[in-house]
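Visitor: I am new to this structure and would like a close look at one helix and its surroundings. Please take one part and work outwards from there.

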Amino acid sequence: QDHRYAADMLQEAARSLTSDGELFLLLGQARAQNQQPAEARQALNRALTLPLTAAQKQQAEALLRQLP
């Protein structure tokens, strides 16, 4: 339940911080933990269109490959 709350808070933040790649990466991770693969994929793909460090980009790509 805490993960779902965190994901909801990240989603709310993403509405205003639309150019924050790290935020979308965290949102994707939270959605994946909550067994929401479609939402996770959407957030991770958005993250990859925004500025990320090389490590963050690798994290996003690896998580996308793991999603069903």
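Guide: The protein has four helices and zero strands. This is a predicted model. Along the sequence the pattern reads α-α-α-α. The radius of gyration is 11 Å, close to the 11 Å that the globule rule gives for 68 residues, so the protein is as compact as a globular protein of that length. Its C-alpha atoms fill a box of roughly 30 × 30 × 15 Å along the principal axes. Of the 68 residues, 35% count as buried. Among contacts between residues at least 6 apart in sequence, 44% join residues at least 24 apart.

The part to look at closely is α3. This helix has twelve residues, and from its first C-alpha to its last it reaches 16 Å, close to the 16 Å expected at 1.5 Å a residue. The buried residues in α3 are A40, A43, L44 and A47. They cover an arc of only 95° around the axis, which puts them on the same side of α3. The spacing fits a general rule: an α-helix has 3.6 residues a turn, so residues three or four places apart point the same way. The exposed residues A38 and Q42 sit on the face of α3 turned away from its buried side.

What do the buried residues of α3 pack against? Their partners are α2 and α4, the latter running over residues 54-66. One of the contacts with α3 can be followed from L27, which touches A43. Leaving aside neighbours within four places in sequence, L27 is also in contact with A7, L10, Q11 and A14.

L27 and L44 both belong to the largest nonpolar core, which has 18 residues. Together with F24 and L67, they touch the most other members. The elements that give two or more residues to this core are α1, α2, α3 and α4. The most comes from α2, with six residues. In soluble globular proteins, nonpolar side chains tend to be buried together.

Just before α3 comes a loop, between α2 (21-33) and α3 (37-48), and N34 has its place there. N34 is buried, with a relative accessible area of 12%, which is under the 20% cut-off. Not counting residues up to four places away in sequence, N34 touches H3, R4 and A7. A7 is thus a contact of N34 and also a contact of L27.

On the other side of the packing, helix α4 holds Q56. Q56 is buried as well, with a relative accessible area of 14%. With residues up to four places away left out, Q56 touches E22 and L25.

One more link involves α2. The count of salt bridges comes to one. The pair is D8 and R31, whose closest N and O atoms are 3.5 Å apart. D8 lies in helix α1 (residues 2-16) and R31 in helix α2, so the pair ties together parts that are 23 residues apart in sequence. The two ends of this bridge are placed in unlike surroundings: D8 is partly exposed, with a relative accessible area of 38%, whereas R31 is buried, at 7%.

To return to α3: its buried residues pack against α2 and α4, while A38 and Q42 are exposed on the face turned away from that buried side.

Terms used
Residues numbered from 1 in each chain as written. Predicted model: local features only at pLDDT ≥ 70, side-chain atom pairs only at ≥ 80, totals over all residues. Heavy atoms only, no water. Buried < 20%, exposed > 50% of the residue type's maximum accessible area, 1.4 Å probe, protein only. Contact = heavy atoms within 4.5 Å. Expected span 1.5 Å × (residues − 1). Arc of directions from axis to C-beta. Salt bridge = Lys/Arg side-chain N within 4 Å of Asp/Glu carboxyl O. Core = buried A, V, L, I, M, F, W, Y, C linked by side-chain atoms within 4.5 Å. Rg over C-alpha atoms; globule rule 2.2 N^0.38 Å.
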